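Visitor: I would like a close look at the aromatic pairs in this model, taken slowly and set beside whatever else helps to place them. Could you walk me through that part?

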Amino acid sequence: MNPYLVLSADEMRAAERAAMDAGTASAALMETAGGKAAEIIQCAWSARPVTVVSGPGNNGGDGFVVARELAVAGWPVKVGLVGEREALKGDAKLMADLFEGEIAAFSPELLSGAGLIVDAIFGTGLARDVEGAPKAAIDAMNAAPAPVFAIDLPSGVNADTGAVMGTAVQAARTVTFHARKPGHLLFPGRALSGAIDVADIGVSDEASAKAEPKTYENHPALWGAMFPRPRWGGHKYTRGSVMAVSGGPLNTGAIRLAAEGALRIGAGLVTVLSPQAAAPVHAAHLTAIMLRVCDNEEHLAAHLEDADRISMCVVAGPAMSVGAKTQRNVLAILNSKAKAVLDADAITSFAEEPQSLFSALRPDDVLTPHTGEFARLFPEEAKLDGKLAMARAASEKAGCVIVLKGADTVIAAPPSGDDGGRVLINANAPPDLATAGAGDVLAGFIAGLKAQGMDGFTAAGAGVWVHGATGQAAGPGLIAEDLPRAVPTVLRQLFAPPPQQPQQAPQQPNAPDQQGSAQQ
């Protein structure tokens, strides 16, 4: 299994169908799923009374298998069915019939005395809000003192969006099968899932490939080989140049944060392009970062002429101001040979004229909106169901890479190009990153990586992951200025070779074998 693969509900069903077409019986998949769930429970908790709350569908069938396996292992097990026993059919009915204990109609009293509750009401198939008896069961589980172990997803969480469908289980731990679902990584589903185990149930990688998945959890395994590293014989001109476009004299700090982010992540040269009035303010703060005066789009175009001979990326938007001047500067950037990362005001300035931006963007350019900026530039896409759909649609409309920021940042590539339609969901950002200026640093990270040769999609994935890792390294109480300073710690760990496994000493002649004594 690819540990970073993320499958939608439809993709998971397609993968299971492919496995069944290849000869695996659906009942065997259910038996394996329930058995793996029972194994995880026995590893995570000591033996204790368990109440399994099962629904009438396949998720409930997994629950019946868990109940049977735990009972065989000697655990006290109660089973409560949400729904009518007569409504069970197919594999779920088979597994219910194989369970030798009592299957009672669910009531909150069944939770009394439980040391663990197994949630097996709904899985990936939930498509409408939870009401009636299932809602009452979920509310009762949440009110009970015992921890809840969810099968596939906490009941009530939408598998594709992470949204709560009326109400949802708060799980301490969740097991899912073959691959994570978007709802495990997108909030609020991520907060409701607890620790997540991914169990192999015998669906092959070939079977899941037939679903043509394009969503992954963001991780260095996906882009680490492309992450730029200093080379012997290299120098500052071979490590790329970043141009950071500044706002006026009272709005200079944001672009310095972006510039420092670009420099720390490895760009060889970083230059702040500043209006004349703001240059003295920058000069009082900048050391390794260079400073040039840039008062209009003609000056900007002249500063970008070196993109003909060196790798150059422009980061623009942080505190630039919203208006026509910023529009002109952005279009000058996009009309040059320099790469571009556009954030904040560079995005909002086109809210009334989005097509003028979209027609100028190139597939490798990167937009980094938070949800408010996103809604201003993409009002129709902001109405779609979930961040995955929003980011994908916006990437297709704008024709570039979209980084839809938040606690669960989503990175989407446009349909054209090598990464066509791929999406990454980031899951390593701590809540401490919700602080002024953190997004400016992120824009600088991405620009610095693009300047060093990474393409827009991989640079965005790597930049977002490093951003989260620096937030973890800086820890509670961080401010945006701490993030670039934490980059060396993060890169040291990222570049470190994997620890060597101790080699087993060769067996000596005449040494005892594994079964018994030596034979002379």
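Guide: What follows takes the aromatic pairs in turn and then moves to the sheet and to one buried acidic residue. The model is a predicted one, and its structure holds 6 aromatic pairs. One of them is formed by Trp223 and Trp465, whose rings meet edge-to-face, with 5.8 Å from centre to centre and 65° between the planes. Because Trp223 belongs to helix α9 (residues 220-223) and Trp465 to helix α19 (residues 456-474), this pair ties together parts that are 242 residues apart in sequence. Trp223 has a relative accessibility of 1% and therefore counts as buried; Trp465, with a relative accessible area of 17%, is buried as well, since the cut-off for that word is under 20%. These two tryptophans also belong to one aromatic cluster, which is formed by Trp223, Phe227, Trp465 and Phe495.

Another pair is that of Phe358 and Phe378, which is stacked because the ring centres are 5.3 Å apart and the planes lie at 10°. Phe358 is located in helix α15 (residues 354-358), whereas Phe378 sits in the loop between α16 (371-377) and α17 (387-398), so that the pair ties together parts 20 residues apart in sequence. Phe358 and Phe378 are both buried.

Turning to the sheet, 11 strands make up an open, mixed arrangement that runs in the order β1-β9-β18-β17-β16-β15-β14-β13-β10-β11-β12. At its edges stand β1 (5-6) and β12 (290-293), each of which pairs on one side only. Helix α10 (residues 253-264) packs on this sheet, where it touches β10 (241-245), β11 (269-274) and β13 (312-316), and its direction makes about 165° with that of β11. Elsewhere in the order, strand β9 (residues 215-217) and strand β18 (residues 423-425) pair in the parallel sense over 3 bridges, and within β18 it is Leu424 that stands opposite Tyr216.

The acidic residue is Asp62, which is found in helix α3 (residues 58-72). Asp62 is buried yet has no salt bridge, and the nearest side chain of opposite charge, that of Arg68, is 9.4 Å away. Leaving aside residues up to four places away in sequence, Asp62 touches Met30, Ala33, Gly34, Ile151 and Phe177.

Methods:
Residues are numbered from 1 along each chain as its sequence is written. This is a predicted model: local features need pLDDT of at least 70, side-chain atom pairs count only at pLDDT 80 or more; totals for chains, interfaces and linings use all residues. Side-chain values use heavy atoms; hydrogens and water are left out. Two strands pair if DSSP finds at least two bridges between them. Helices (H or I, at least four residues) and strands (E, at least two) are DSSP runs, numbered from the N terminus. Contact means heavy atoms within 4.5 Å. Axes are lines fitted to C-alpha atoms, for helices over the stretch in contact, and angles run from 0 to 180 degrees between N-to-C directions. Buried means under 20% relative accessible area, exposed over 50%, partly exposed in between (1.4 Å probe, protein chains only). Lys and Arg count as positive and Asp and Glu as negative; His and the chain ends are not counted. A salt bridge is a side-chain nitrogen of Lys or Arg within 4 Å of a carboxyl oxygen of Asp or Glu. Rings of Phe, Tyr and Trp (its six-membered ring) pair if their centres lie within 6.5 Å; planes under 30 degrees apart count as stacked, over 60 as edge-to-face and the rest as tilted.
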